[in-house]
Protein chains: 2
Amino acid sequence: MGDDCAVLRLPPRHEVLMTTDFSLEGVHFRRQWHPPDSVGHRCLARGLSDIAAMGGEPRAAFLSLAVPPGLPQSWVDAFLRGFLTLARKFGVPLAGGDTAESPDGVLADIVVLGSVPAGQAILRSGARPGDSLYVTGELGASARLLARLLSGSLKKPNTRRYPAHFYPTPRLAAGRLLREKKLAAAMIDVSDGLSTDLHHMCEESRVGARIYAEMLPAAGGPANLRFALHGGEDYELLFASRRALPARLAGTPVTRIGEVTRGRKVVLVEAGRERNLPAAGWEHFG
Amino acid sequence: MGDDCAVLRLPPRHEVLMTTDFSLEGVHFRRQWHPPDSVGHRCLARGLSDIAAMGGEPRAAFLSLAVPPGLPQSWVDAFLRGFLTLARKFGVPLAGGDTAESPDGVLADIVVLGSVPAGQAILRSGARPGDSLYVTGELGASARLLARLLSGSLKKPNTRRYPAHFYPTPRLAAGRLLREKKLAAAMIDVSDGLSTDLHHMCEESRVGARIYAEMLPAAGGPANLRFALHGGEDYELLFASRRALPARLAGTPVTRIGEVTRGRKVVLVEAGRERNLPAAGWEHFG
(Lines give C-alpha, C1' and ligand atoms only; values in the text may rest on other atoms or scores of the structure.)
Protein backbone atom coordinates (compact mmCIF):
# COMPACT_ATOMS: atom_id res chain seq x y z
CA MET A 1 0.00 0.00 0.00
CA GLY A 2 2.97 2.35 0.46
CA ASP A 3 3.85 2.56 -3.25
CA ASP A 4 2.45 4.30 -6.31
CA CYS A 5 0.89 1.01 -7.43
CA ALA A 6 -0.12 -2.22 -5.80
CA VAL A 7 2.11 -5.08 -6.99
CA LEU A 8 0.48 -8.50 -7.36
CA ARG A 9 1.94 -11.80 -8.40
CA LEU A 10 -0.44 -14.18 -10.20
CA PRO A 11 0.03 -17.93 -10.58
CA PRO A 12 2.07 -18.88 -13.67
CA ARG A 13 0.18 -19.03 -16.98
CA HIS A 14 -2.81 -17.17 -15.61
CA GLU A 15 -4.63 -14.33 -17.32
CA VAL A 16 -5.84 -11.21 -15.54
CA LEU A 17 -9.55 -10.60 -15.02
CA MET A 18 -10.64 -7.04 -14.26
CA THR A 19 -14.01 -5.61 -13.41
CA THR A 20 -15.12 -2.20 -12.16
CA ASP A 21 -18.50 -1.23 -10.73
CA PHE A 22 -19.95 2.00 -9.48
CA SER A 23 -22.27 1.88 -6.49
CA LEU A 24 -24.11 5.18 -6.22
CA GLU A 25 -26.43 6.42 -3.54
CA GLY A 26 -29.93 6.88 -4.96
CA VAL A 27 -29.18 4.51 -7.84
CA HIS A 28 -27.86 1.31 -6.26
CA PHE A 29 -28.82 1.93 -2.65
CA ARG A 30 -30.66 4.31 -0.38
CA ARG A 31 -29.26 5.24 2.97
CA GLN A 32 -32.68 4.96 4.69
CA TRP A 33 -33.14 1.36 3.47
CA HIS A 34 -29.65 -0.05 3.29
CA PRO A 35 -27.52 -0.21 6.42
CA PRO A 36 -23.92 0.79 5.69
CA ASP A 37 -22.49 -2.71 6.15
CA SER A 38 -24.96 -3.95 3.51
CA VAL A 39 -23.85 -1.18 1.11
CA GLY A 40 -20.21 -2.20 1.60
CA HIS A 41 -21.06 -5.89 1.19
CA ARG A 42 -23.13 -5.35 -1.95
CA CYS A 43 -20.63 -3.12 -3.69
CA LEU A 44 -17.91 -5.77 -3.37
CA ALA A 45 -20.35 -8.62 -4.15
CA ARG A 46 -21.06 -7.07 -7.56
CA GLY A 47 -17.40 -7.28 -8.53
CA LEU A 48 -16.87 -10.75 -7.09
CA SER A 49 -19.90 -11.97 -9.02
CA ASP A 50 -18.32 -10.72 -12.27
CA ILE A 51 -15.21 -12.77 -11.46
CA ALA A 52 -17.40 -15.81 -10.68
CA ALA A 53 -19.14 -15.43 -14.05
CA MET A 54 -15.79 -15.95 -15.83
CA GLY A 55 -14.90 -18.97 -13.69
CA GLY A 56 -12.11 -16.94 -12.11
CA GLU A 57 -10.41 -16.52 -8.76
CA PRO A 58 -10.56 -13.08 -7.11
CA ARG A 59 -7.06 -11.88 -6.17
CA ALA A 60 -7.43 -8.31 -4.92
CA ALA A 61 -9.98 -5.56 -4.47
CA PHE A 62 -9.58 -1.80 -4.74
CA LEU A 63 -12.04 0.68 -3.32
CA SER A 64 -12.48 4.31 -4.31
CA LEU A 65 -14.93 5.97 -1.96
CA ALA A 66 -16.29 9.51 -2.11
CA VAL A 67 -18.51 10.65 0.74
CA PRO A 68 -20.34 13.94 1.39
CA PRO A 69 -18.93 16.26 4.10
CA GLY A 70 -21.62 15.62 6.74
CA LEU A 71 -21.52 11.82 6.68
CA PRO A 72 -20.78 10.35 10.12
CA GLN A 73 -17.51 8.45 10.42
CA SER A 74 -19.53 5.58 11.93
CA TRP A 75 -21.27 5.14 8.54
CA VAL A 76 -17.92 4.82 6.77
CA ASP A 77 -16.63 2.42 9.44
CA ALA A 78 -19.68 0.16 9.07
CA PHE A 79 -19.44 0.33 5.26
CA LEU A 80 -15.83 -0.85 5.47
CA ARG A 81 -16.76 -3.56 7.97
CA GLY A 82 -19.33 -4.96 5.50
CA PHE A 83 -16.86 -4.71 2.64
CA LEU A 84 -13.99 -6.33 4.53
CA THR A 85 -16.10 -9.11 6.06
CA LEU A 86 -17.08 -10.28 2.58
CA ALA A 87 -13.52 -9.78 1.31
CA ARG A 88 -12.13 -11.96 4.10
CA LYS A 89 -14.72 -14.66 3.44
CA PHE A 90 -13.25 -15.12 -0.03
CA GLY A 91 -9.64 -14.38 0.91
CA VAL A 92 -9.47 -11.18 -1.15
CA PRO A 93 -7.11 -8.47 0.16
CA LEU A 94 -8.08 -4.81 -0.11
CA ALA A 95 -4.97 -3.74 -1.99
CA GLY A 96 -5.55 -0.05 -2.56
CA GLY A 97 -7.92 2.67 -3.52
CA ASP A 98 -8.65 6.31 -3.04
CA THR A 99 -10.88 8.48 -0.91
CA ALA A 100 -12.39 11.86 -1.62
CA GLU A 101 -15.11 14.25 -0.61
CA SER A 102 -18.18 14.09 -2.83
CA PRO A 103 -20.42 17.09 -3.42
CA ASP A 104 -23.53 15.07 -2.61
CA GLY A 105 -24.23 11.41 -1.86
CA VAL A 106 -21.98 8.41 -1.37
CA LEU A 107 -20.14 7.09 -4.43
CA ALA A 108 -18.13 3.91 -4.33
CA ASP A 109 -16.19 2.57 -7.27
CA ILE A 110 -14.80 -0.89 -6.77
CA VAL A 111 -12.31 -2.83 -8.83
CA VAL A 112 -11.81 -6.54 -8.45
CA LEU A 113 -8.78 -8.09 -10.03
CA GLY A 114 -8.88 -11.83 -10.54
CA SER A 115 -7.15 -14.49 -12.53
CA VAL A 116 -7.92 -17.59 -14.50
CA PRO A 117 -5.66 -20.17 -16.19
CA ALA A 118 -4.79 -18.79 -19.64
CA GLY A 119 -7.47 -19.50 -22.24
CA GLN A 120 -9.96 -20.94 -19.74
CA ALA A 121 -12.08 -17.87 -18.92
CA ILE A 122 -15.74 -18.69 -19.54
CA LEU A 123 -17.05 -16.09 -21.99
CA ARG A 124 -20.59 -15.09 -22.93
CA SER A 125 -19.93 -16.06 -26.52
CA GLY A 126 -19.57 -19.84 -26.27
CA ALA A 127 -23.24 -21.00 -26.30
CA ARG A 128 -24.28 -23.28 -29.19
CA PRO A 129 -27.71 -24.54 -30.33
CA GLY A 130 -28.65 -27.62 -28.33
CA ASP A 131 -26.86 -26.55 -25.14
CA SER A 132 -28.93 -26.64 -21.98
CA LEU A 133 -29.43 -23.42 -20.01
CA TYR A 134 -28.98 -23.50 -16.25
CA VAL A 135 -29.12 -21.05 -13.36
CA THR A 136 -27.74 -21.32 -9.85
CA GLY A 137 -29.89 -20.68 -6.78
CA GLU A 138 -33.21 -18.83 -6.93
CA LEU A 139 -34.19 -15.84 -9.03
CA GLY A 140 -36.10 -12.70 -8.16
CA ALA A 141 -35.70 -12.54 -4.38
CA SER A 142 -33.80 -9.26 -4.50
CA ALA A 143 -36.30 -7.53 -6.80
CA ARG A 144 -39.26 -8.83 -4.84
CA LEU A 145 -37.93 -7.25 -1.65
CA LEU A 146 -37.13 -4.06 -3.51
CA ALA A 147 -40.69 -3.88 -4.87
CA ARG A 148 -42.02 -4.06 -1.31
CA LEU A 149 -39.68 -1.26 -0.23
CA LEU A 150 -40.64 0.89 -3.21
CA SER A 151 -44.38 0.36 -2.67
CA GLY A 152 -44.07 1.22 1.00
CA SER A 153 -45.61 -2.10 2.10
CA LEU A 154 -42.34 -2.83 3.92
CA LYS A 155 -40.80 0.07 5.81
CA LYS A 156 -38.00 -1.12 8.06
CA PRO A 157 -36.95 -4.57 6.87
CA ASN A 158 -35.03 -6.89 9.14
CA THR A 159 -32.10 -7.01 6.75
CA ARG A 160 -30.84 -10.41 7.94
CA ARG A 161 -34.15 -11.95 6.79
CA TYR A 162 -33.46 -10.85 3.19
CA PRO A 163 -29.90 -11.90 2.51
CA ALA A 164 -30.47 -12.19 -1.26
CA HIS A 165 -30.92 -8.43 -1.37
CA PHE A 166 -28.84 -7.10 1.52
CA TYR A 167 -26.02 -9.66 1.73
CA PRO A 168 -25.89 -11.58 -1.58
CA THR A 169 -23.31 -14.35 -1.92
CA PRO A 170 -21.32 -14.32 -5.16
CA ARG A 171 -21.22 -17.81 -6.70
CA LEU A 172 -17.45 -18.15 -6.81
CA ALA A 173 -17.27 -21.85 -5.88
CA ALA A 174 -19.82 -22.85 -8.51
CA GLY A 175 -18.13 -20.69 -11.16
CA ARG A 176 -14.73 -22.19 -10.38
CA LEU A 177 -16.06 -25.76 -10.53
CA LEU A 178 -17.79 -25.12 -13.86
CA ARG A 179 -14.51 -23.86 -15.28
CA GLU A 180 -12.33 -26.63 -13.80
CA LYS A 181 -14.64 -29.41 -15.03
CA LYS A 182 -15.26 -27.60 -18.34
CA LEU A 183 -19.01 -27.82 -17.75
CA ALA A 184 -20.01 -24.35 -18.97
CA ALA A 185 -19.75 -23.28 -22.63
CA ALA A 186 -20.90 -19.73 -21.87
CA MET A 187 -21.69 -17.86 -18.65
CA ILE A 188 -22.93 -14.52 -17.31
CA ASP A 189 -24.09 -13.35 -13.91
CA VAL A 190 -27.72 -12.36 -13.43
CA SER A 191 -27.19 -8.78 -12.32
CA ASP A 192 -29.56 -6.93 -14.68
CA GLY A 193 -32.36 -9.55 -14.63
CA LEU A 194 -32.61 -12.95 -16.31
CA SER A 195 -34.34 -11.68 -19.46
CA THR A 196 -31.74 -8.98 -20.08
CA ASP A 197 -28.74 -11.13 -19.21
CA LEU A 198 -30.04 -14.02 -21.35
CA HIS A 199 -30.31 -11.59 -24.25
CA HIS A 200 -26.72 -10.47 -23.60
CA MET A 201 -25.48 -14.05 -23.74
CA CYS A 202 -27.50 -14.85 -26.87
CA GLU A 203 -26.20 -11.73 -28.64
CA GLU A 204 -22.58 -12.53 -27.84
CA SER A 205 -23.07 -16.18 -28.86
CA ARG A 206 -25.24 -15.35 -31.91
CA VAL A 207 -27.89 -17.83 -30.88
CA GLY A 208 -31.48 -17.89 -29.58
CA ALA A 209 -32.95 -19.40 -26.43
CA ARG A 210 -36.11 -21.04 -25.16
CA ILE A 211 -36.82 -21.04 -21.44
CA TYR A 212 -39.76 -22.53 -19.56
CA ALA A 213 -41.73 -20.60 -16.94
CA GLU A 214 -42.54 -23.78 -15.00
CA MET A 215 -38.85 -24.67 -14.69
CA LEU A 216 -37.66 -21.32 -13.31
CA PRO A 217 -36.56 -21.39 -9.66
CA ALA A 218 -38.63 -18.32 -8.77
CA ALA A 219 -38.02 -17.14 -5.20
CA GLY A 220 -41.31 -17.27 -3.31
CA GLY A 221 -42.91 -19.59 -5.85
CA PRO A 222 -44.51 -19.32 -9.31
CA ALA A 223 -46.61 -16.27 -8.37
CA ASN A 224 -43.34 -14.31 -8.46
CA LEU A 225 -42.48 -15.20 -12.05
CA ARG A 226 -42.05 -11.58 -13.19
CA PHE A 227 -39.42 -10.98 -10.50
CA ALA A 228 -37.59 -14.15 -11.55
CA LEU A 229 -37.70 -13.11 -15.21
CA HIS A 230 -36.84 -9.43 -14.93
CA GLY A 231 -35.59 -8.67 -11.43
CA GLY A 232 -31.97 -7.55 -11.19
CA GLU A 233 -29.24 -7.97 -8.59
CA ASP A 234 -29.67 -11.68 -8.02
CA TYR A 235 -25.96 -12.39 -8.62
CA GLU A 236 -26.78 -15.93 -9.62
CA LEU A 237 -25.01 -17.51 -12.60
CA LEU A 238 -26.71 -18.24 -15.93
CA PHE A 239 -24.80 -20.67 -18.10
CA ALA A 240 -25.02 -22.91 -21.13
CA SER A 241 -23.82 -26.50 -20.88
CA ARG A 242 -23.50 -29.47 -23.20
CA ARG A 243 -23.86 -31.80 -20.21
CA ALA A 244 -26.71 -33.02 -18.03
CA LEU A 245 -25.78 -31.66 -14.62
CA PRO A 246 -26.59 -32.81 -11.08
CA ALA A 247 -28.93 -30.76 -8.89
CA ARG A 248 -26.01 -29.23 -7.00
CA LEU A 249 -22.56 -28.01 -7.94
CA ALA A 250 -20.10 -27.07 -5.19
CA GLY A 251 -23.06 -27.10 -2.79
CA THR A 252 -25.03 -24.63 -4.92
CA PRO A 253 -28.45 -25.60 -6.34
CA VAL A 254 -28.47 -25.71 -10.14
CA THR A 255 -31.65 -25.74 -12.22
CA ARG A 256 -32.14 -26.44 -15.91
CA ILE A 257 -34.41 -23.70 -17.28
CA GLY A 258 -34.35 -24.26 -21.05
CA GLU A 259 -32.13 -24.62 -24.08
CA VAL A 260 -30.10 -22.71 -26.62
CA THR A 261 -31.69 -22.58 -30.09
CA ARG A 262 -30.77 -21.73 -33.67
CA GLY A 263 -31.77 -18.30 -34.89
CA ARG A 264 -31.77 -15.28 -32.67
CA LYS A 265 -35.16 -15.39 -30.93
CA VAL A 266 -35.41 -15.51 -27.15
CA VAL A 267 -38.72 -17.07 -26.11
CA LEU A 268 -40.59 -18.07 -22.97
CA VAL A 269 -42.83 -21.12 -22.85
CA GLU A 270 -45.63 -20.76 -20.29
CA ALA A 271 -48.56 -23.20 -19.95
CA GLY A 272 -47.54 -24.73 -23.27
CA ARG A 273 -47.61 -21.42 -25.17
CA GLU A 274 -44.51 -19.79 -26.59
CA ARG A 275 -44.01 -16.00 -26.70
CA ASN A 276 -41.13 -13.63 -27.26
CA LEU A 277 -39.26 -12.71 -24.11
CA PRO A 278 -38.04 -9.09 -24.31
CA ALA A 279 -34.99 -7.89 -22.41
CA ALA A 280 -36.93 -6.17 -19.64
CA GLY A 281 -34.54 -6.37 -16.71
CA TRP A 282 -34.81 -3.71 -14.08
CA GLU A 283 -32.45 -0.81 -14.07
CA HIS A 284 -32.25 -0.54 -10.29
CA PHE A 285 -34.61 2.13 -8.94
CA GLY A 286 -32.95 5.23 -10.42
CA MET B 1 -15.82 -5.58 -23.59
CA GLY B 2 -18.81 -7.96 -24.02
CA ASP B 3 -18.06 -10.06 -20.93
CA ASP B 4 -18.44 -9.67 -17.19
CA CYS B 5 -14.71 -8.99 -16.90
CA ALA B 6 -11.97 -7.81 -19.20
CA VAL B 7 -9.44 -10.60 -19.85
CA LEU B 8 -5.81 -9.59 -20.25
CA ARG B 9 -2.75 -11.66 -20.94
CA LEU B 10 0.52 -10.36 -19.50
CA PRO B 11 4.02 -11.32 -20.63
CA PRO B 12 5.36 -14.42 -18.86
CA ARG B 13 6.91 -13.89 -15.41
CA HIS B 14 5.45 -10.41 -15.06
CA GLU B 15 3.73 -9.04 -12.00
CA VAL B 16 0.58 -6.96 -12.09
CA LEU B 17 0.68 -3.26 -11.21
CA MET B 18 -2.60 -1.59 -10.30
CA THR B 19 -3.45 1.99 -9.52
CA THR B 20 -6.74 3.82 -9.07
CA ASP B 21 -7.31 7.57 -8.98
CA PHE B 22 -10.37 9.69 -8.47
CA SER B 23 -10.65 12.90 -10.46
CA LEU B 24 -13.38 15.05 -8.96
CA GLU B 25 -14.83 18.31 -10.20
CA GLY B 26 -14.05 21.09 -7.73
CA VAL B 27 -11.16 19.11 -6.26
CA HIS B 28 -8.94 18.11 -9.19
CA PHE B 29 -10.39 20.35 -11.87
CA ARG B 30 -12.87 23.13 -12.48
CA ARG B 31 -15.04 23.16 -15.53
CA GLN B 32 -14.54 26.89 -16.10
CA TRP B 33 -10.74 26.50 -16.18
CA HIS B 34 -10.14 23.05 -17.58
CA PRO B 35 -11.40 22.17 -21.04
CA PRO B 36 -12.91 18.67 -21.14
CA ASP B 37 -10.11 17.14 -23.21
CA SER B 38 -7.61 18.36 -20.59
CA VAL B 39 -9.72 16.77 -17.81
CA GLY B 40 -9.72 13.46 -19.71
CA HIS B 41 -5.99 13.71 -20.41
CA ARG B 42 -5.10 14.56 -16.83
CA CYS B 43 -7.19 11.86 -15.24
CA LEU B 44 -5.44 9.17 -17.28
CA ALA B 45 -2.01 10.86 -16.87
CA ARG B 46 -2.28 10.45 -13.09
CA GLY B 47 -2.62 6.70 -13.42
CA LEU B 48 0.07 6.35 -16.09
CA SER B 49 2.45 8.34 -13.90
CA ASP B 50 1.90 5.84 -11.07
CA ILE B 51 2.88 3.03 -13.43
CA ALA B 52 5.95 5.02 -14.57
CA ALA B 53 7.00 5.46 -10.92
CA MET B 54 7.26 1.67 -10.55
CA GLY B 55 9.24 1.29 -13.79
CA GLY B 56 6.26 -0.52 -15.29
CA GLU B 57 4.49 -0.85 -18.61
CA PRO B 58 0.83 0.26 -18.79
CA ARG B 59 -1.34 -2.53 -20.25
CA ALA B 60 -4.95 -1.36 -19.97
CA ALA B 61 -7.07 1.46 -18.62
CA PHE B 62 -10.57 1.38 -17.14
CA LEU B 63 -12.75 4.43 -16.76
CA SER B 64 -15.73 4.88 -14.46
CA LEU B 65 -17.44 8.16 -15.22
CA ALA B 66 -20.38 9.73 -13.40
CA VAL B 67 -21.78 12.95 -14.86
CA PRO B 68 -24.63 15.22 -13.71
CA PRO B 69 -27.90 15.15 -15.69
CA GLY B 70 -27.51 18.51 -17.44
CA LEU B 71 -23.98 17.99 -18.77
CA PRO B 72 -23.81 18.37 -22.59
CA GLN B 73 -22.85 15.25 -24.51
CA SER B 74 -20.18 17.35 -26.26
CA TRP B 75 -18.39 17.71 -22.91
CA VAL B 76 -18.29 13.94 -22.45
CA ASP B 77 -17.16 13.45 -26.06
CA ALA B 78 -14.27 15.90 -25.63
CA PHE B 79 -13.35 14.34 -22.28
CA LEU B 80 -13.12 10.94 -23.96
CA ARG B 81 -11.13 12.40 -26.85
CA GLY B 82 -8.53 13.76 -24.41
CA PHE B 83 -8.46 10.47 -22.52
CA LEU B 84 -8.15 8.31 -25.64
CA THR B 85 -5.56 10.52 -27.35
CA LEU B 86 -3.21 10.06 -24.40
CA ALA B 87 -4.09 6.34 -24.16
CA ARG B 88 -3.21 5.83 -27.83
CA LYS B 89 0.06 7.71 -27.44
CA PHE B 90 1.21 5.06 -24.96
CA GLY B 91 -0.56 2.12 -26.61
CA VAL B 92 -2.95 1.57 -23.71
CA PRO B 93 -6.39 0.14 -24.61
CA LEU B 94 -9.49 1.34 -22.77
CA ALA B 95 -10.61 -2.12 -21.67
CA GLY B 96 -13.74 -1.39 -19.68
CA GLY B 97 -15.45 0.74 -17.13
CA ASP B 98 -18.80 1.98 -16.04
CA THR B 99 -20.96 5.06 -16.47
CA ALA B 100 -23.56 6.54 -14.17
CA GLU B 101 -25.46 9.69 -13.39
CA SER B 102 -23.98 11.73 -10.56
CA PRO B 103 -26.11 13.90 -8.30
CA ASP B 104 -23.77 16.87 -8.82
CA GLY B 105 -20.45 17.39 -10.57
CA VAL B 106 -18.30 15.17 -12.75
CA LEU B 107 -16.58 12.23 -11.06
CA ALA B 108 -14.09 10.07 -12.90
CA ASP B 109 -12.38 7.06 -11.35
CA ILE B 110 -9.65 5.58 -13.46
CA VAL B 111 -7.78 2.34 -13.07
CA VAL B 112 -4.55 1.62 -14.88
CA LEU B 113 -3.31 -1.93 -14.97
CA GLY B 114 0.33 -2.40 -15.83
CA SER B 115 3.01 -5.00 -15.54
CA VAL B 116 6.65 -5.32 -14.67
CA PRO B 117 9.05 -8.29 -14.77
CA ALA B 118 8.61 -10.20 -11.50
CA GLY B 119 10.65 -8.73 -8.65
CA GLN B 120 11.78 -5.66 -10.62
CA ALA B 121 9.17 -3.10 -9.61
CA ILE B 122 10.92 0.00 -8.25
CA LEU B 123 9.54 0.62 -4.76
CA ARG B 124 9.67 3.65 -2.52
CA SER B 125 11.49 1.67 0.12
CA GLY B 126 14.87 1.02 -1.56
CA ALA B 127 16.75 4.28 -0.87
CA ARG B 128 19.96 3.99 1.19
CA PRO B 129 22.24 6.63 2.79
CA GLY B 130 24.72 7.87 0.20
CA ASP B 131 22.36 7.49 -2.77
CA SER B 132 21.95 10.53 -4.97
CA LEU B 133 18.47 12.03 -5.41
CA TYR B 134 17.33 12.95 -8.90
CA VAL B 135 14.21 14.38 -10.53
CA THR B 136 13.10 14.33 -14.15
CA GLY B 137 12.05 17.50 -15.98
CA GLU B 138 11.12 20.71 -14.18
CA LEU B 139 9.20 21.17 -10.96
CA GLY B 140 6.45 23.60 -10.02
CA ALA B 141 5.06 24.60 -13.43
CA SER B 142 1.64 23.14 -12.74
CA ALA B 143 1.26 24.78 -9.32
CA ARG B 144 2.57 28.11 -10.64
CA LEU B 145 -0.15 28.19 -13.28
CA LEU B 146 -2.75 27.12 -10.73
CA ALA B 147 -1.72 29.93 -8.39
CA ARG B 148 -2.32 32.44 -11.19
CA LEU B 149 -5.77 30.94 -11.86
CA LEU B 150 -6.67 30.99 -8.16
CA SER B 151 -5.51 34.59 -7.70
CA GLY B 152 -7.50 35.72 -10.73
CA SER B 153 -4.40 37.19 -12.42
CA LEU B 154 -4.99 34.74 -15.28
CA LYS B 155 -8.58 34.29 -16.39
CA LYS B 156 -8.76 32.35 -19.64
CA PRO B 157 -5.43 30.61 -20.16
CA ASN B 158 -4.37 29.39 -23.56
CA THR B 159 -4.19 25.80 -22.38
CA ARG B 160 -1.66 24.72 -25.03
CA ARG B 161 0.84 27.22 -23.56
CA TYR B 162 0.74 25.41 -20.21
CA PRO B 163 1.15 21.74 -21.04
CA ALA B 164 2.67 20.89 -17.64
CA HIS B 165 -0.68 21.67 -16.08
CA PHE B 166 -3.24 20.92 -18.79
CA TYR B 167 -1.54 18.10 -20.72
CA PRO B 168 1.19 16.59 -18.53
CA THR B 169 3.29 13.79 -20.01
CA PRO B 170 3.79 10.79 -17.73
CA ARG B 171 7.47 9.78 -17.64
CA LEU B 172 6.98 6.22 -18.81
CA ALA B 173 10.08 6.00 -21.00
CA ALA B 174 12.37 7.30 -18.25
CA GLY B 175 10.78 5.00 -15.66
CA ARG B 176 11.19 1.97 -17.91
CA LEU B 177 14.85 2.78 -18.66
CA LEU B 178 15.63 3.26 -14.96
CA ARG B 179 14.18 -0.17 -14.26
CA GLU B 180 15.82 -1.93 -17.20
CA LYS B 181 19.26 -0.53 -16.39
CA LYS B 182 18.70 -0.94 -12.64
CA LEU B 183 19.58 2.73 -12.12
CA ALA B 184 16.94 3.59 -9.49
CA ALA B 185 17.00 2.13 -5.97
CA ALA B 186 13.71 3.84 -5.03
CA MET B 187 11.20 5.93 -6.95
CA ILE B 188 7.96 7.91 -6.57
CA ASP B 189 6.12 10.32 -8.81
CA VAL B 190 5.87 13.96 -7.78
CA SER B 191 2.09 14.24 -7.65
CA ASP B 192 1.61 15.78 -4.18
CA GLY B 193 4.62 18.12 -4.30
CA LEU B 194 8.35 17.41 -3.97
CA SER B 195 8.51 18.00 -0.22
CA THR B 196 5.61 15.65 0.52
CA ASP B 197 6.69 12.95 -1.94
CA LEU B 198 10.29 13.10 -0.70
CA HIS B 199 8.97 12.56 2.84
CA HIS B 200 6.94 9.57 1.56
CA MET B 201 10.03 8.00 0.03
CA CYS B 202 12.17 8.67 3.12
CA GLU B 203 9.51 7.16 5.41
CA GLU B 204 9.21 4.01 3.32
CA SER B 205 13.01 3.71 3.08
CA ARG B 206 13.63 4.74 6.74
CA VAL B 207 16.22 7.30 5.73
CA GLY B 208 16.66 11.06 5.64
CA ALA B 209 17.44 13.42 2.76
CA ARG B 210 19.28 16.64 2.03
CA ILE B 211 18.32 18.62 -1.05
CA TYR B 212 19.79 21.88 -2.37
CA ALA B 213 17.65 24.84 -3.40
CA GLU B 214 20.19 25.94 -5.99
CA MET B 215 20.12 22.55 -7.71
CA LEU B 216 16.33 22.29 -8.09
CA PRO B 217 15.06 22.58 -11.67
CA ALA B 218 12.38 25.13 -10.73
CA ALA B 219 10.09 25.96 -13.65
CA GLY B 220 10.37 29.70 -14.36
CA GLY B 221 13.65 30.01 -12.46
CA PRO B 222 14.78 30.26 -8.83
CA ALA B 223 12.13 32.88 -7.94
CA ASN B 224 9.63 30.04 -8.14
CA LEU B 225 11.33 27.86 -5.55
CA ARG B 226 8.22 27.41 -3.40
CA PHE B 227 6.27 25.99 -6.34
CA ALA B 228 9.13 23.61 -7.10
CA LEU B 229 9.29 22.50 -3.46
CA HIS B 230 5.62 22.19 -2.64
CA GLY B 231 3.56 22.38 -5.84
CA GLY B 232 1.68 19.22 -6.76
CA GLU B 233 0.66 17.57 -10.02
CA ASP B 234 4.04 17.78 -11.73
CA TYR B 235 4.05 14.06 -12.58
CA GLU B 236 7.83 14.08 -12.71
CA LEU B 237 9.79 11.21 -11.17
CA LEU B 238 11.83 11.52 -7.98
CA PHE B 239 14.32 8.70 -7.50
CA ALA B 240 17.36 7.59 -5.57
CA SER B 241 20.34 6.20 -7.43
CA ARG B 242 23.74 4.76 -6.55
CA ARG B 243 25.09 5.93 -9.89
CA ALA B 244 26.17 9.23 -11.41
CA LEU B 245 23.69 9.73 -14.22
CA PRO B 246 23.88 11.64 -17.51
CA ALA B 247 21.84 14.82 -18.01
CA ARG B 248 19.22 12.95 -20.01
CA LEU B 249 17.60 9.53 -19.79
CA ALA B 250 15.34 8.33 -22.62
CA GLY B 251 15.29 11.92 -23.87
CA THR B 252 14.10 13.25 -20.50
CA PRO B 253 16.18 15.80 -18.58
CA VAL B 254 17.42 14.45 -15.25
CA THR B 255 18.77 16.64 -12.45
CA ARG B 256 20.64 15.70 -9.30
CA ILE B 257 19.02 17.59 -6.41
CA GLY B 258 20.64 16.13 -3.31
CA GLU B 259 21.41 12.95 -1.43
CA VAL B 260 19.96 10.35 0.89
CA THR B 261 21.22 10.60 4.47
CA ARG B 262 21.32 8.56 7.66
CA GLY B 263 18.71 9.40 10.29
CA ARG B 264 15.23 10.52 9.42
CA LYS B 265 15.57 14.28 8.84
CA VAL B 266 14.60 15.85 5.54
CA VAL B 267 16.46 19.12 5.06
CA LEU B 268 16.85 21.87 2.50
CA VAL B 269 20.16 23.69 1.96
CA GLU B 270 19.65 27.24 0.67
CA ALA B 271 22.46 29.81 0.40
CA GLY B 272 24.65 27.53 2.48
CA ARG B 273 22.17 27.25 5.36
CA GLU B 274 20.40 24.06 6.26
CA ARG B 275 16.82 23.93 7.57
CA ASN B 276 14.14 21.30 8.04
CA LEU B 277 11.93 20.78 5.01
CA PRO B 278 8.37 19.97 6.13
CA ALA B 279 6.01 17.94 3.95
CA ALA B 280 4.01 20.92 2.71
CA GLY B 281 2.78 19.70 -0.67
CA TRP B 282 -0.40 21.21 -1.97
CA GLU B 283 -3.63 19.32 -1.64
CA HIS B 284 -5.04 20.52 -4.96
CA PHE B 285 -7.41 23.45 -4.48
CA GLY B 286 -10.17 21.68 -2.56
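**Exercise 1.** Leaving aside its neighbours within four places in sequence, with which residues is B:D37 in contact? Then decide whether B:D37 is buried or exposed.

*Solution.* Begin with the kind of evidence at hand, which is a predicted model that scores ipTM 0.91 and pTM 0.93. Next, place the residue along its chain: B:D37 lies in helix α1 of chain B, which covers residues 36-52. Once the neighbours within four places in sequence are set aside, the residues in contact with B:D37 are B:A78, B:F79, B:G82, B:R160 and B:Y167. Finally, turn to accessibility: buried means under 20% relative accessible area, and because B:D37 has a relative accessibility of 16%, this residue counts as buried.

**Exercise 2.** Work out which strands pair with strand β3 of chain B, and in which sense; then explain why β3(B) is described as largely enclosed.

*Solution.* Take the pairing with strand β5 of chain B (residues 107-117) to start with: β3(B) and β5(B) run in the antiparallel sense and share nine bridges, and within this pairing B:A61 stands opposite B:V112. Then consider strand β4 of chain B (residues 94-101), which pairs with β3(B) in the parallel sense over seven bridges, with B:L65 standing opposite B:T99 of β4(B). To get from β3(B) to β4(B), the chain passes through helix α2 of chain B (residues 73-89), and this β-α-β crossover is right-handed. As for enclosure, β3(B) spans residues 57-67, and because 10 of its 11 residues are buried, the strand is largely enclosed by the rest of the structure.

Key:
Residues numbered from 1 in each chain as written. Chains lettered and ligands numbered in written order. Predicted model: local features only at pLDDT ≥ 70, side-chain atom pairs only at ≥ 80, totals over all residues. Heavy atoms only, no water. Helix = DSSP H or I, 4+ residues; strand = E, 2+ residues; numbered from the N terminus. Buried < 20%, exposed > 50% of the residue type's maximum accessible area, 1.4 Å probe, protein only. Contact = heavy atoms within 4.5 Å. Pairing = 2+ DSSP bridges. Right-handed = clockwise from strand over helix to strand, strands pointing away.
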